[in-house]
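Okay, everyone, thanks for coming. Let me put the structure up, and then we'll walk through it one piece at a time.

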Amino acid sequence: LSYLPMLKAGKKWRIAFYQGGPSNNYFPYLSATVNGLIDLGWIEKVELPVDKGKDTDFLWKFLAGKIASNYIEFVADAYYNANWENDLRMSMRRALLDRLKTKKDIDLVIAMGTWAGKDLANGEHSTPTMIMSTTDPVRAGIIAKNDDSGYDHVFARTDPGRWERQIRIFHKIIGFKKLGVIYENSILGQSYAAISLIEAIAKEKGFQIIRCFTKDDIPDKEIAGDSVINCFEEVAPQVDALYVVTQSGVNNNTIPKLVAIANKHRIPTFSQQGSEEVKQGFLMSIAREGGFAPVGRFLAISMAKIFNGAKPRQLNQVFEEKPAIALNLKIAEIIGLYLNADILAAADEVYRDIEPSPSN
C-alpha cells in the first residue's frame, strides 16, 4: 500500500487528538509520529518543540498553528484531554463522538493511551482511529487480538512480547525469589501491570509475587501517589525485587520518595515505564533503541496508508521494539548490588548518578 502524500478530494486531511490525561510517553509518541510524517514528505521540515514533560496541549498548539503542510491539518479545536477525571472523560467522549457522527469534520483521530483507546474502539463511530501508547490493548479490552483490532476503522499499535521481555530480563539479572508488584486491583490496573503474564512467568521460574493494591483511576493524584508510597513501605521489607508498574501515583513528585524507600531496604527496582525513571533512581528498565523514532516512523507510515485508502483494520498493528537495557550504576552501588562484566557490557544506557525529577 502506498504512503505517498495525497490530498482528500483536493482538501487537507483533518486530524484530532484525544487522551485520557497527561502521561510521560504521550508527548514523545506524538512528536515522533509527526517527525515520521515529515520524513515521508507529508509535512514540511520543521524543528518540533522539545518534550515539555506531559504537556501534549503545548505540542498540539504548535502543530495546529506553526507547521506547514499541503496535506495535513492538526485541527486547533480538536484536542481533547480528560485529565484523568471520570466525569470530564464522559463529557469529552460524548463531545468527540457527537462531532465524529454529526459534524463529520475529522478524518482521523489519534487516541493516546488506554482510556482514549477504550472510548473510541467501538461501533459508535466510523472515523479512522489510531490508538497509541497502551500498555496492553488486548488485555485492556480495546482490541480483539494483536493482529486484529476487531473494527474496520480501528488500528492499535501493539508489542505483544514487551512485558515478557522485561520480566525475563529482570529475573535473569537479579534472580529474585520474591517479586513485589504494586498496582490497582481493577481490570485496567491488572492490564497495566500485565499481572497475568507475571503470574505465568512466576509459575515457570518459581518465584513468589507479593502484591499491594493502590488507587490509580481516580481524580485525586495526591491520594494515588500516597497509595503507591504506602505500598512501597509495606512491600519493600518483604521482597528482594520490585517491579514498578506504570500508574498515576508513580510520577515526578513521588519517584524520589519511592527510590528512597527501595534504597533503604536495598531492593532492586525495575521500571516498567522506561529509561526516564532509571535516570531518576530506579535501578533498571528497558530503553527504546533509537528513542521513539522507529515506532514514530511505523505509526506515520500506517497513518499515511490510511489516508491512501487502507482500512485501519487491514494494517499490521505489531511493532516490536528491540530491547535495550537502561541501568543506573549509582543505585547499584547504593543497594550493594554486584553487576558482572557481561551485564555491564549488555547495558545500552548507563547512568552514573541520580537526576532530580523535573518537577523538583
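Let's start with a single residue, Ile-335, which you'll find in helix α12, residues 329-335. Before we go on, keep in mind that this is a predicted model.

So, is Ile-335 buried or exposed? Its relative accessibility is 5%, and because buried means under 20%, Ile-335 counts as buried. And which residues does Ile-335 touch, if we skip those up to four places away in sequence? The answer is Asn-263, Arg-266, Ile-267 and Pro-268. Right in that stretch of numbering there's also Lys-264: its C-alpha atom is 7.9 Å from that of Ile-335, although the two positions lie 71 residues apart along the chain, counting from one to the other.

Next up, strand β8, residues 241-244. Here both faces are covered. On one side you have Ala-241 and Tyr-243, on the other Leu-242 and Val-244, and all of them are buried. What does β8 pair with? Strand β6, residues 178-183, runs parallel to β8 and is joined to it by three bridges. If you want to find that pairing on screen, look for Leu-179, whose bridge partner in β8 is Ala-241. Then there's strand β9, residues 269-271, also parallel to β8 and joined to it by three bridges. For this one, look for Val-244, which stands opposite Ser-271 in β9.

A quick reminder for anyone new to this: strands of a sheet pair through backbone hydrogen bonds, and the pairing can be parallel or antiparallel.

Now over to another sheet. This one is open, with five strands in the order β2-β1-β3-β4-β5, and the pairing is parallel. Why do β2 and β5 each have one side without a neighbour in the sheet? Because β2 (72-81) and β5 (154-156) stand at the edges, and each has a single partner strand. On average, neighbouring strands here are turned by 20° against each other, if you ignore direction.

The partner of β2 is β1, residues 13-19, and these two pair in the parallel sense over six bridges. One spot to look at is Trp-13, which stands opposite Ile-72 in β2.

Helices pack on this sheet too. Helix α1, residues 26-40, touches β1, β2, β3 (108-112) and β4 (129-132), and its direction makes about 145° with that of β3. Helix α2, residues 56-66, touches β1 and β2, and makes about 155° with the direction of β2.

Back to β2 for a second: it's at an edge, yet it's mostly covered, with seven of its ten residues buried. One residue to click on is Phe-74. The largest nonpolar core has 122 residues, and Leu-63 and Phe-74 touch the most other members. Leaving out residues up to four places away in sequence, Phe-74 touches Ile-15, Val-34, Leu-37, Ile-43, Trp-60, Leu-63, Ala-64 and Ile-67. Apart from that core there's another, of five residues, including Val-278, Ala-287, Ala-324 and Tyr-351.

Last stop: a helix pair. Helix α5 (residues 162-174) and helix α7 (residues 195-205) pack at about 35°, with their axes 10 Å apart, and the crossing is right-handed. From α5 you get Trp-163, Glu-164, Ile-167, Arg-168 and His-171, meeting Leu-197, Ile-198, Ile-201, Glu-204 and Lys-205 in α7. What's that contact made of, by class? Five nonpolar, one polar and four charged residues.

That's my tour, thanks!

Terms used. Residues are numbered from 1 along each chain as its sequence is written. This is a predicted model: local features need pLDDT of at least 70, side-chain atom pairs count only at pLDDT 80 or more; totals for chains, interfaces and linings use all residues. Side-chain values use heavy atoms; hydrogens and water are left out. Two strands pair if DSSP finds at least two bridges between them. Helices (H or I, at least four residues) and strands (E, at least two) are DSSP runs, numbered from the N terminus. Axes are lines fitted to C-alpha atoms, for helices over the stretch in contact, and angles run from 0 to 180 degrees between N-to-C directions. Contact means heavy atoms within 4.5 Å. A crossing is left-handed if the near helix is turned anticlockwise from the far one by less than a right angle, and right-handed if clockwise. Ala, Val, Leu, Ile, Met, Phe, Trp, Tyr, Cys and Pro count as nonpolar, Asp, Glu, Lys and Arg as charged, and the others, Gly among them, as polar. Buried means under 20% relative accessible area, exposed over 50%, partly exposed in between (1.4 Å probe, protein chains only). A nonpolar core is a set of buried Ala, Val, Leu, Ile, Met, Phe, Trp, Tyr and Cys residues joined through side-chain atoms within 4.5 Å.
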